[in-house]
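Reader: Could you pick one part of this model and walk me through it closely? I would like to see how it sits among its neighbours, and then follow the trail outward.

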Amino acid sequence: MEVFREGGIPLVDWRENLEFDGRGTLWVSHVTKHRVEGYAPDGTLKTSFSVPGPGGIRRGPDGMMYVNFGVNPLTPRGGIMRFDPSAAHPEPQKVVEGISGINGLAVDVHGNFYVGRELATGILKFRQDGTEDEEWTKKANIFGTNGLEIVGDQLYASVITNTSSPVVRIPLDDPANHTTITNLSPNPLDIKLLDDLTYFGGNLVVASFRDGQLIQVNPATGRSCVLVDGLRMPTSVRIARGFGGNDPRHDLFVVEASGRILNVRVG
């Protein structure tokens, strides 16, 4: 495990989410400083621009980057912004607005958006034009979702507010048929405070904010094990894609509420 970028004062220097654009830039949402940052593989800060309370950030099928805003409690009205990662000075534009209490983000192959909500029931779905698919949201009636990850025709969600620390699978074409694939906290006093998750080597890797761990979960069997320990309030984990000499089969990047960005090599 290597520190890619040092942090600052824990919780004050909170980096919330990250994503690779596949073209040599790592994009990071700095929720407390209301910035989105773009890093080169050597750790150089290439660009930075203002987004109010940025959270989940993902690459869309159109090559554009999408980021939730209004995740910071001090910016209660939020939505989704879009920006061009190839621009020298990206200018984010609102795609969805007027929603609150949001966190995680996923984008499917058709450009539909899925948004996690930590203190509400229902994963929000928005079409590419920004209109809400209310029927889909009503059927995906899971309370307290945080991280979201799409694998094929399935959406996986980590639940942060449930003391059982569940990971849930939601069929994209049948959201009412959602199922819990595992409960990572059999003891309610051992709530993991699950944050973001990613798909890596056939398994899900989930960040446990409370325990400072990356937990590997087999999506077919629900079996789990600790993949990485000793982190400081990890908030998101992603595979390094198209980022210098990093190998997507082995290299994960993690951001923390400590402000650090880490490169974790597995295997």
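Author: Happily; what follows starts from one strand, moves across its sheet and ends with some charged side chains. This is a predicted model, in which local features need pLDDT of at least 70 and side-chain atom pairs count only at pLDDT 80 or more, while totals for chains, interfaces and linings use all residues. Residues are numbered from 1 along each chain as its sequence is written, and side-chain values use heavy atoms, with hydrogens and water left out.

Our starting point is strand E23, residues 261-265. Strands here are DSSP runs of at least two residues, just as helices (H or I) are runs of at least four, and both are numbered from the N terminus. Four of the five residues in E23 are buried, so the rest of the structure largely encloses this strand. Buried means under 20% relative accessible area, with exposed over 50% and partly exposed in between, using a 1.4 Å probe and protein chains only.

Which strands pair with E23? On one hand there is strand E22 (residues 251-256), which runs antiparallel to E23 over five bridges; two strands count as paired if DSSP finds at least two bridges between them. Within this pairing, Val 255 has Ile 261 as its bridge partner, and Asp 251 stands opposite Arg 265. E22 and E23 make a hairpin with four residues between them, and Gly 259 in the turn has a positive phi of about 95°. The other pairing is with strand E1 (residues 2-5), also antiparallel, over three bridges. There Val 3 faces Leu 262 of E23.

Stepping back, these strands belong to an open sheet of four with the order E1-E23-E22-E21 and antiparallel pairing. E1 and strand E21 (234-239) are the edges: each has a single partner strand, so one side of each lacks a neighbour in the sheet. On average, neighbouring strands of this sheet are turned by 30° against each other, direction ignored. The axes behind that value are lines fitted to C-alpha atoms (for helices, over the stretch in contact), and angles in general run from 0 to 180 degrees between N-to-C directions.

Edge strand E21 also leads us to a charged pair. Arg 238 forms a salt bridge with Glu 149, the closest N and O atoms being 3.3 Å apart; the term requires a side-chain nitrogen of Lys or Arg within 4 Å of a carboxyl oxygen of Asp or Glu. This pair links distant parts of the chain, with Arg 238 in E21 and Glu 149 in strand E13 (residues 145-151), 89 residues apart. Arg 238 is buried at a relative accessible area of 8%, and Glu 149 is buried too, at 9%.

Elsewhere, salt bridges that share partners join Asp 13, Arg 15, Lys 33 and Glu 37 into one network. Within that network, Glu 37 lies in strand E4 (residues 35-39) and is buried, with a relative accessible area of 8%. Its side chain makes a polar contact of 3.0 Å with that of Arg 15. Such a contact is a pair of N or O atoms within 3.5 Å; within protein, one must be able to donate a hydrogen and the other to accept it, and residues adjacent in sequence count only if both atoms are side-chain atoms. Leaving aside neighbours within four places in sequence, the contacts of Glu 37 include Leu 26, Trp 27, Val 28 and His 30, contact meaning heavy atoms within 4.5 Å.
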